[in-house]
Every structure is written in structure tokens, then in C-alpha cells.
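This report walks through a few parts of one model for a reader who has not met it before. Please look at the sequence and the structure first, and then read on.

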Amino acid sequence: MAKRLVGMVLAALTFLAAPAFAQPAGQAPPAAQQDIDKLQASLAEVEKSLARQHVLDADLVALRAALDPIAAGAQEAIAELEPKLTAIKARIAQLGPKPDDKAPDGEAHTEDPAITTERADQLEAFSAVEGQLKRARLIAVSAEQAASSITARRRALFAKSLFEQVTTLASPQLWSDVARELPRHLSAIAAAFAEWLAGVNGRLGEQRLPIFWGSVALVLAACLGIPLAARRILSRDPALVEPSRLRKCLGAWWVTLSITLPAVAAVGLLRLDYAFFALNNARMTPFWEALGVGIVRVAVIAGITRGVFAPTRPNWRLLDRTDTEAARAYGLAVTVGALVSATRLLEALNEIVGSSLAFSVATRGLHAVVVAVILCVGLWRLNGRASDESCLGPPVTRQRDWFGLFRLATWPVMLAIVTAVLIGYITFASFLVDQLVFVGVTLCVLFMSMTLVDEGIGAVVAPTSSFGNRLRATLGLSQNGFVLLGAVMSGLLRLAIYALAILLVVAPWGLQSSDVSFDVAAAFFGFRLGDITISPASILVAIAIFVVLSGLARSALGWLDKSLLPHTGLDVGLRNSIRTSLGYLGFVVAASLALGYLGLGVEKLAIVAGALSVGIGFGLQSIVNNFVSGLILLWERAVRVGDWIIVGADQGYVRRINVRSTEIETFDRSQVIIPNSSLVTGVVKNLVRNDRTGRIVIPITVAGSADPEKVREVLFAIAKAHELVMKFPAPQILFTSMSASALTFELVAYVADVESAVRVRSDLHFEIHKRFKTEKFFVSPGPDPTKIEITGLDDLAARFGPTVEMVADPPRRAPARRRSSRAEAVATDGPTDDP
């Protein structure tokens with residue numbers, strides 16, 4: 001009875017906590033059910049369209065766009081139904097199960113009819129909501145599968161059109177067909193333009209015709225005049241010898257925009273003018289669209305290259321190139337852009353007049369070959385900067401030549417273009433030309449954007465910036481915190497720019513931002529191992545993923561180490577620990593994503609790790625031990641980068657803590673490699689673990705006749721007089737031992753930096769020797785051996801003759817004579833106690 005009462009109370013509390021379910025619930029909310037029905041119907045239409053065999057790429061794009069609201073609606077329905085289902089489930093749990101008709105003791109158990117009715121209603125509501133939730137989840141999964149199918153079909157179409165082989169450009173039959181068709185082709189083009197012109201004159205009449213052509217001339221004049229006026233308003237002054245890099249970047253952007261925007265505006269105004277006078281002609285539309293895109297393309301290329309290379313303003317040049325190289329690069333870029341635009345116009349004309357396949361192949365193939373030859377000649381003439389060997393003087397810090405790297409990467413692309421044309425892959429060659437131009441423009445914009453971000457934020461956070469000081473005062477930050485904020489903002493902007501550049505580069509390969517992937521085409525042969533598909537394409541893409549992510553991680557670590565961490569106030573050891581740990585994390589993430597692309601998930605790697613555990617237990621035990629010890633060193637920080645440690649007979653500074661070992665630089669500039677396990681399990685003396693205070697102990701021996709108080713006074717004065725000896729703790733003078741001939745003291749002093757202890761010890765030795773010599777504290781040398789003369793030696797020599805000569809060996813007497821001479825010298829220099 002008590003249990004039943006508690007259940008009723010809890011059920012009542014649940015009713016109060018979830019009033020939305022207070023009404024009798026036999027079904028899911030009508031609004032949610034109607035939405036799910038609409039989503040189901042829309043998904044059925046998309047799946048029906050996908051069931052057709054031949055679907056164009058444009059239709060696939062439309063179907064992919066239609067799937068996005070379906071998937072979003074399904075997720076919204078799931079997010080709405082899941083809490084309701086959880087609440088109903090909790091209420092059913094509080095009501096408890098239905099009691100048995102017969103208890104074990106044979107007595108019948110009765111239940112309140114209200115509880116029985118409520119349980120039945122909640123079970124019915126649970127069933128209805130669960131059914132709708134399952135439908136919503138099924139729609140979400142189906143939409144995801146349909147999106148994957150659309151992506152796969154678009155990639156297949158892209159690969160099929162890109163790698164379609166046609167007649168090679170070296171075929172004589174191709175040029176024979178082109179020569180035979182050329183007169184008819186030119187006549188058809190002339191007829192198409194004549195028909196368009198006649199249509200314009202017929203629609204406008206004599207009154208509106210001058211207005212139309214006058215508006216066209218006005219737009220073109222404005223397009224040509226605005227860039228000239230913009231250069232006069234804000235020009236790059238050639239008289240300014242050394243403009244800052246920020247001013248160079250702003251000047252480059254101004255030149256780029258002053259050339260690009262008028263062209264874009266002119267094309268847009270001409271399209272509006274064309275539509276205003278109702279001159280739309282479906283047949284000529286491809287030509288006018290290609291003309292507009294071509295004008296914009298040439299203007300963009302000219303503006304960007306002129307802004308970056310500044311062929312007539314060498315002092316405003318962003319890249320370190322010579323005047324000749326800058327002029328050649330500018331001319332090469334504009335020429336290639338004009339050729340690409342002209343080819344697109346010819347292709348539009350081919351589409352208008354319905355040219356044959358041979359004419360289209362010749363147009364595209366000849367365009368690809370001409371562009372490749374022009375690029376090869378132009379890149380060959382760009383010889384690059386002078387080498388270090390030709391530089392007279394000391395070597396300077398080298399900077400990475402990004403322009404040189406782009407030139408180096410362009411040569412294989414040129415070779416691929418020519419090879420593709422010769423073997424019949426004309427579409428692929430033309431596509432590579434377009435991509436080369438597009439990637440070059442993207443890299444220039446990326447370079448200008450990165451320079452603007454770095455220099456702009458650097459100028460704002462500089463202490464001399466008035467705007468930066470006002471902003472820092474408004475935010476209430478210190479200078480160091482303001483610089484740290486600038487570094488964070490710079491990193492975020494750089495990351496966003498990199499992501500946008502990557503999306504722009506991969507977009508022409510038939511990929512969308514919603515399904516960005518590194519799989520270019522499914523045109524390579526593959527094989528399956530279990531449920532894993534292995535192919536050359538997937539392996540190359542996995543390697544590319546790992547290289548790109550590793551490069552981004554290294555770039556982020558470089559920015560972290562140079563821009564962010566130095567302004568955090570953390571010590572060098574902790575900064576190194578953070579950088580090394582994040583480096584390990586970046587490597588693991590890059591490797592995991594690359595293996596995940598191949599289908600080797602974490603669960604599959606666990607099986608491999610289990611198989612390797614036996615080898616780790618035997619052959620790789622020391623490596624794993626050192627690796628784990630390295631992680632312990634990084635996080636325990638008992639030994640940090642920059643510490644002065646003593647390990648056995650080796651001592652020096654810790655320069656790097658690696659995965660397996662730690663590098664120590666000794667005082668003789670040699671590198672000692674110590675396994676990490678030795679630092680963890682062995683005895684290590686760290687002289688700067690807690691602080692950098694150092695202790696100096698100098699033993700001193702003076703004459704036994706010296707005054708101990710006077711000695712202490714002199715030593716204390718010498719220690720206090722040195723500027724590097726700490727005042728607290730104060731120097732100490734210890735009287736350690738004494739004898740009749742000598743007294744022994746110890747001078748104990750402290751320095752703030754242990755690295756200066758050797759120099760301070762040397763300075764104190766010099767000063768102690770000087771003062772003690774003046775005070776005559778040193779121990780006097782003991783008495784030398786006394787010279788003893790033996791009388792009658794000459795008589796013995798005369799009596800025994802040669803025997804005496806044999807006993808008195810001259811080599812043994814010579815040292816005696818030297819000692820005797822030394823004793824005589826000591827006796828003459830000072831007093832002696834000899835009798």
C-alpha cells in the first residue's frame with residue numbers, strides 16, 4: 001500500500017513537471033505527424049527522380065539542394081519527439097508495471113482504476129510517439145543515403161566527362177576535318193551576329209537605337225576612366241623609398257580593387273542595359289555570358305598581379321623579385337588570362353553554330369597546348385633570385401620562396417597538360433589549364449589576405465598605435481593581454497582564410513561545401529579486404545589527408561610557439577610541454593582521420609593493437625617505456641626544457657624532450673642523448689627545479705697566526721661588495737677547522753641565477769687572493785731542509801779513491817746540491833727557526 005501511494009505521488013509530480021502531456025495522448029501531436037508525412041512525400045519524390053538512369057549534373061545539384069530541407073526537417077522532428085518520448089517513458093516507469101492477478105501467496109492484488117487507465121493511455125502515447133520518432137529517424141537516414149548517392153553519381157559523371165578520351169591532337173584526320181569545316185563555321189558565326197544585330201535594330205527602332213549604343217559607350221568609358229581616377233586619388237607614391245609592409249599590402253589591395261571592381265560593374269550594367277531594352281536572345285546568350293566572364297577574368301588577373309608584383313613601383317612590391325621578373329610575371333599572367341577567356345568565347349561560338357566534335361576538340365586542345373608552351377617559356381625566363389654563393393658578404397637569414405615553389409609545382413602540370421593532349425584527353429588538359437589559372441589567382445589572394453591580417457593586426461596591437469591604445473583602454477586589457485588577443489584573432493582569421501582557400505580550390509572538382517571530400521574520382525581500380533576497400537586513389541587521398549593535416553598542425557604549432565605562447569607569461573619548459581603535447585595530438589588526429597578514410601576505424605585498430613601487444617611486451621618494451629616516460633616528463637615537469645641538470649657524470653642544459661629520449665647540451669657544446677626512462681627511474685639533480693638561486697661554497701686556509709675575527713670581517717666585506725651576491729640570504733663565514741699551523745674557513749654565498757655561480761666564484765677568488773695577500777693571511781711555507789757539512793770527507797776520498805767515487809754517485813748528489821741551494825735562498829730571504 002505504501003509503495004502504491006509513493007508511485008501515485010511521483011506520477012502526480014511528473015504530471016506537474018510535464019504539463020504538455022496532460023491531455024489524453026493516444027497519438028503523436030498532429031502537427032509533428034503532418035510534418036513527417038510531408039517530409040516522407042518530398043523524400044519519395046527525390047528518390048523517384050534518382051531512380052532514373054540518365055540524370056544530368058544540374059538535376060543532381062537541384063535534387064541535392066532539395067534534400068537539405070528534408071534532412072533539416074527530420075532532425076527538427078527528432079529533436080522535438082525525443083524529449084516527449086523520454087518524458088512518457090519516465091511517467092510509465094513511475095506508474096510501475098501492471099500487477100499480477102494472483103500474488104505468490106494466492107491473494108489477489110487490486111490497483112486503483114485511475115492508475116490503470118493512466119498507464120494504458122501512456123503506453124498508447126508511447127507507442128504513437130515512438131512510431132513517429134522511428135519514421136523521422138528513417139527519413140533522416142534515407143536523406144543521408146540519398147545525399148551520398150547523389151555525391152557518388154556526380155563524381156562518376158565528373159570523372160566520366162573529365163577522363164573521356166577523344167581523337168588526339170596529332171591526328172591528321174582531325175585537322176583535315178577542321179579545315180573542311182572552317183569556312184562553314186565562319187559563315188555560321190557571321191550569320192549569327194548579323195541575325196542578332198538585325199534583331200537589335202528591329203526591336204529598338206531609330207529612336208531607341210542611339211540611346212542603347214550611347215549607354216553602352218558610357219558604361220565602357222566609365223569602366224576605363226574609373227581605374228585611372230582611382231590611381232590618381234590613392235596612388236602608390238614612387239618617391240616613398242621605404243613604405244611599410246602594411247602600406248604595401250594596402251596599396252596592392254587598392255590597385256586590385258580599382259581594376260577589378262569597374263570591370264565587374266561594367267559587365268553588370270551592360271547586362272541590365274541589355275535586359276532593359278528587352279534584347280534577350282537565347283541563341284547568343286552563351287557568347288555574351290562568356291564575354292562577361294572573360295572580361296572579369298582578365299581584370300581580376302591583371303589587378304591581382306599588378307597589385308602584388310607592382311612592375312612599375314619596385315619600392316611597393318610585396319614579393320622580393322627583380323624589376324624584370326615582376327614585369328615578365330605580370331605580362332605572363334595577363335596573357336594566359338586573355339587566352340583562356342578567348343578560348344571560352346570560341347567554345348561559346350561553337351555551341352551557338354553547332355560545331356562538330358572535331359572543331360571543339362581542336363579548339364580546346366590547341367588552347368591547352370598554346371597556354372602550356374607560353375607558361376613554359378615564361379617560367380623559364382623567370383630565373384629567380386640570386387643564389388647565396390653569388391652574395392658577397394656574411395650570409396643572411398633565408399626566407400621561403402613561395403613564388404619559386406609555385407613555379408616548381410607548375411612544371412609537372414605543364415607536362416601533364418601536353419601529355420593529356422597528345423594521348424587524347426583534351427577535356428582533362430583544358431580542365432588543368434583552368435585549374436592552374438584559378439589556383440594561381442587563389443594563392444595570390446591568399447598571400448595578400450594573410451599579409452593584410454598579419455601586418456594589420458600587428459600595427460593595431462603595437463604600443464605606438466593610437467587606435468590600438470584607445471581600443472586597449474576600452475577593453476580594459478594590459479599591453480601583454482592586448483597582444484595576446486591580437487595573436488588569437490590573427491590565428492582565427494588565418495584559419496578561416498585557409499579554409500576558404502581550400503574550399504575555393506576543391507570546388508571546381510565537382511564538390512560542394514556540404515560534402516567536401518578529398519576523393520577526386522572513382523576511376524582507379526580497387527580491391528576489398530573484408531569490409532575495407534583498398535585502391536590507389538584512396539591510399540593517395542589518405543596520404544594527402546595526413547600530409548595536409550600534419551602541415552596545418554605544424555603551422556598551427558609554429559604560430560602557437562611564436563605568436564601566442566610568448567605572450568602568455570608561461571615559462572619556457574611549460575610552453576615546450578604544451579607544444580610537444582599538442583604536436584603528438586595533431587599527429588594522432590591526422591593519422592586517425594587518414595586511416596579512417598581507408599576504413600580502418602578505432603575498433604579495427606584495437607584488433608591490430610592487441611596483436612602487437614605481444615611484440616610490445618618483448619621487443620618494443622624499452623621503446624614504449626621511453627615513450628611513456630617522455631609523457632611523464634612533459635606533464636610532471638620534473639625536468640623541463642632549459643633546466644640545468646646532472647645525470648651521473650653528465651651535466652648541462654635540457655634542450656629538447658623527444659618521444660624516446662632527452663637531449664642535453666653540456667658546457668663544452670656537445671649533445672648528450674639520455675633515454676627518458678633513465679630520467680624517470682634514475683637519480684637526477686636539477687639545479688633550477690624550484691628556483692634559480694645558486695649556492696657558492698669557497699674553502700679557505702690561512703696561517704695559524706692569523707686573527708679569525710679579522711679573517712671573517714674581510715671575507716664578509718668581500719662577499720657583500722660583489723653585486724651578484726644576494727643580500728638575503730646573507731653570506732656566511734664558517735670556521736671549520738684549525739691547527740697550530742693553519743686555520744680553515746668556508747665562505748658561503750648565494751646568487752640569484754645559478755648560471756652566474758661560476759663567474760661569481762672566480763671573482764671572489766680574485767678578490768680574496770688580493771685582500772689576503774695584503775693582510776698577510778696566507779700560511780707561511782715550512783722550513784726547508786738544512787744543509788749539513790761533513791768534515792773529513794776529502795780524507796776519505798783520498799784514502800779509498802774509486803770506492804768513494806762509486807758511493808758518491810754524481811746524479812744522486814745533484815738534487816742534494818739543488819735542495820741545499822734552495823735552502824740557502826730561503827734562509828737569505830726571510831727568518832728561519834734553524835739553530
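Is Phe277 buried or exposed? In this model, which is predicted, Phe277 has a relative accessible area of 7%, and because buried means under 20%, Phe277 counts as buried.

## Aromatic pairs around Phe277

The structure holds 14 aromatic pairs. In one of them, the ring centres of Phe212 and Phe277 are 5.5 Å apart and the planes stand at 75°, so this pair is edge-to-face. Phe212 belongs to helix α5 (residues 172–233), while Phe277 sits in the loop between α6 (245–276) and α7 (285–309), so the pair ties together parts that are 65 residues apart in sequence. Phe212 is buried, as is Phe277.

Phe277 also forms an edge-to-face pair with Phe276, with 5.2 Å from centre to centre and 90° between the planes. Phe276, however, has a relative accessibility of 63% and therefore counts as exposed, whereas its partner Phe277 is buried. Elsewhere among the aromatic residues, ring pairs link Phe193, Trp196, Tyr274, Phe287 and Trp288 into a cluster.

## A sheet of three strands

An open sheet of 3 strands follows the order β8-β10-β9, and its pairing is antiparallel. Its edge strands are β8 (694–703) and β9 (732–738), each of which pairs on one side only, and the twist from one strand to the next averages 20°.

Between β8 and strand β10 (residues 742–751), which run antiparallel, there are 10 bridges. Along this pairing, Arg695 stands opposite Tyr750 of β10.

## Two helices and the sheet

Helix α19 (residues 708–721) packs with helix α20 (residues 757–775) at an angle of about 145°, and the axes of the two helices are 10 Å apart. The crossing in which α19 passes α20 is right-handed. On the side of α19, the contact is made by Lys710, Val711, Val714, Leu715, Ile718 and Ala719, and on the side of α20 by Leu764, Glu767, Ile768, Arg771, Phe772 and Glu775. The residues of this contact divide into 8 nonpolar and 4 charged, with no polar ones.

Both helices also meet the sheet described above. Helix α19 lies across β8, β9 and β10, and runs at about 25° to β10. Helix α20 packs on the sheet by touching β8 and β10, and its direction makes about 20° with that of β8.

Definitions and conventions
Residues numbered from 1 in each chain as written. Predicted model: local features only at pLDDT ≥ 70, side-chain atom pairs only at ≥ 80, totals over all residues. Heavy atoms only, no water. Axes fitted to C-alpha atoms, helices over the stretch in contact; angles between N-to-C directions. Helix = DSSP H or I, 4+ residues; strand = E, 2+ residues; numbered from the N terminus. Left-handed = near helix turned anticlockwise from the far one by under 90°. Contact = heavy atoms within 4.5 Å. Nonpolar A, V, L, I, M, F, W, Y, C, P; charged D, E, K, R; others polar. Pairing = 2+ DSSP bridges. Phe/Tyr/Trp six-rings, centres within 6.5 Å; stacked < 30°, edge-to-face > 60°. Buried < 20%, exposed > 50% of the residue type's maximum accessible area, 1.4 Å probe, protein only.
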